[in-house]
Each structure stands twice: as structure tokens, then as C-alpha cells.
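Please open the structure in your viewer with the cartoon and the side chains available. The stops below are meant to be selected in turn.

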Amino acid sequence: MRKILLIAVIVLSALSVQAQEVNWISFEEALELNKKTPKPILVDLYTDWCGWCKRMDATTYKNEVIVKFINDNYYAVKMDGEGKSDITFKGKTFKFIQQGRSKYHELAAAIMKGKMSYPSTAFFNDKEELIQTVPGYLQKERFEKILAFFSAEAYKNTPWADFEKNFKSSL
């Protein structure tokens with residue numbers, strides 16, 4: 001009986017560790033929370049048809065070090081680049097656009113400066129200013145460095161090559 005109980009405790013512990021997830025919120029929620037407690041905003045730009053987006057969700061965004069770092073240091077937004085809901089940001093309402101087969105959300109297009117590439121990860125500072133958008137699938141090792149670079153505001157005075165060379169991973 002003790003062995004069964006011990007195994008059950010181990011299994012439940014493992015499940016609770018795996019269950020830790022990024023606290024995804026909407027863009028509007030991030031803006032509201034940022035008014036009360038300023039913090040950088042990370043925006044994961046994806047589409048439903050994007051295989052690399054699904055892979056990043058299943059791997060990078062499931063890593064416990066990445067999840068903890070994002071939850072501790074950012075407001076995390078998951079934004080569908082083809083989302084249908086209007087989003088008001090800095091006094092402008094951004095809408096879903098469909099032109100023939102082409103469809104996109106104006107805010108996603110603005111964040112990616114018209115270069116529609118999925119997945120993309122955008123970083124805003126706590127003043128809601130876009131710092132940079134990083135296109136493509138990011139493996140956990142590279143993503144950890146990028147997260148630290150922007151959250152610590154190292155981008156303001158440290159070249160990426162120097163930051164990367166001196167970075168100490170928690171993975």
C-alpha cells in the first residue's frame with residue numbers, strides 16, 4: 001500500500017510541475033495591468049494554421065524555466081495574427097482585414113511592420129513602446145537569452161553579442 005501511495009504522490013507531483021503554464025492574457029488585459037503595475041509585455045504572434053507556432057507552444061512555452069521567467073517578468077499576450085476582434089491601442093482601433101485570400105489583423109501587421117512571419121515574438125517595454133519583434137521559431141536555449149536581454153533592459157546599452165557571450169543559463 002505504501003508503494004502505491006508513494007507512486008501516486010510522485011505521479012501527482014510530476015503532473016503539477018508539467019501543468020505550469022504561461023499566464024496568457026489578452027492585449028487589452030496586459031495594457032490594463034500595465035497601468036497599475038508597469039512591466040514589459042511579450043506578445044506571441046501566431047496563426048491557427050502555423051505548424052512552427054504549434055511546435056513552439058508544445059516545446060519552448062512548456063519549458064518550466066521559460067514559463068517561470070515569462071510569468072515573473074512579463075505580461076504575456078497570445079495574439080492571433082488573423083484574429084477577428086478589434087483592439088484599441090494608443091488611441092487607434094485596429095481591425096481584422098480580409099482582401100481576397102489575404103487576411104490579417106492590423107495590429108499584428110503593425111507590430112511586425114508588415115512582414116507577416118509566424119511565429120513572431122514582440123517585446124514592448126513598460127511604457128508600451130515596441131522594442132523589437134523577433135521572427136521565427138525559438139528554441140528554449142535561444143529564447144531564454146532573448147527574454148533576459150529585453151526584461152533586464154540590456155538592449156539599451158549592451159550589444160547582443162556581448163550579452164550572449166556573458167549569459168548564464170538557468171536551463
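The tour goes through a sheet, the helices on it, a residue in one of its strands and a disulfide, all in a predicted model.

**The sheet**

Begin by selecting the five strands that form an open sheet, which you can trace in the order β1-β3-β2-β8-β9, with mixed pairing. At the edges you will find β1 (24-25) and β9 (130-135), each of which pairs on one side only.

Next, show β1 together with strand β3 (residues 75-80), where two bridges join the strands in the parallel sense. With side chains displayed, Trp24 is seen opposite Ala76 in β3, while Ile25 stands opposite Val77 of that strand. Keep β3 selected and turn to its pairing with β2, to which β3 is joined by six bridges, the two strands again running parallel. Val77 is worth a second selection here, since Val43 has Val77 as its bridge partner in β3. If you colour by accessibility, β3 should appear mostly covered, with five of its six residues buried.

**The helices on the sheet**

Now add helix α2 (residues 27-36), which packs on the sheet and touches β1, β2 (41-46), β3 and β8. The direction of α2 makes about 155° with that of β3. Then add helix α6 (residues 140-151), which also packs on the sheet, where α6 touches β2, β8 and β9. For α6 the angle is given against β8, and the two directions make about 20°.

**Thr121 in β8**

Select Thr121, which belongs to strand β8 (residues 120-124). Is Thr121 buried or exposed? Its relative accessibility is 0%, and Thr121 therefore counts as buried. Expanding the selection to contacts, and leaving out residues up to four places away in sequence, brings up Leu42, Val43, Met56, Tyr61, Gln132, Thr133, Val134, Leu138 and Phe143. Among these contacts of Thr121 is Val43, the residue already met as the bridge partner of Val77 in β3.

**The disulfide**

For the last stop, select Cys50 and Cys53, which form a disulfide with their sulfur atoms 2.3 Å apart; the count for the model comes to one disulfide. Which hand does the disulfide of Cys50 and Cys53 have? The torsion about the S-S bond is about 85°, so this disulfide is right-handed. Switching to a surface view, Cys50 counts as buried because its relative accessibility is 3%, and Cys53 is buried with a relative accessible area of 3%.

Terms used:
Residues numbered from 1 in each chain as written. Predicted model: local features only at pLDDT ≥ 70, side-chain atom pairs only at ≥ 80, totals over all residues. Heavy atoms only, no water. Helix = DSSP H or I, 4+ residues; strand = E, 2+ residues; numbered from the N terminus. Buried < 20%, exposed > 50% of the residue type's maximum accessible area, 1.4 Å probe, protein only. Contact = heavy atoms within 4.5 Å. Disulfide = S-S within 2.5 Å. Pairing = 2+ DSSP bridges. Axes fitted to C-alpha atoms, helices over the stretch in contact; angles between N-to-C directions.
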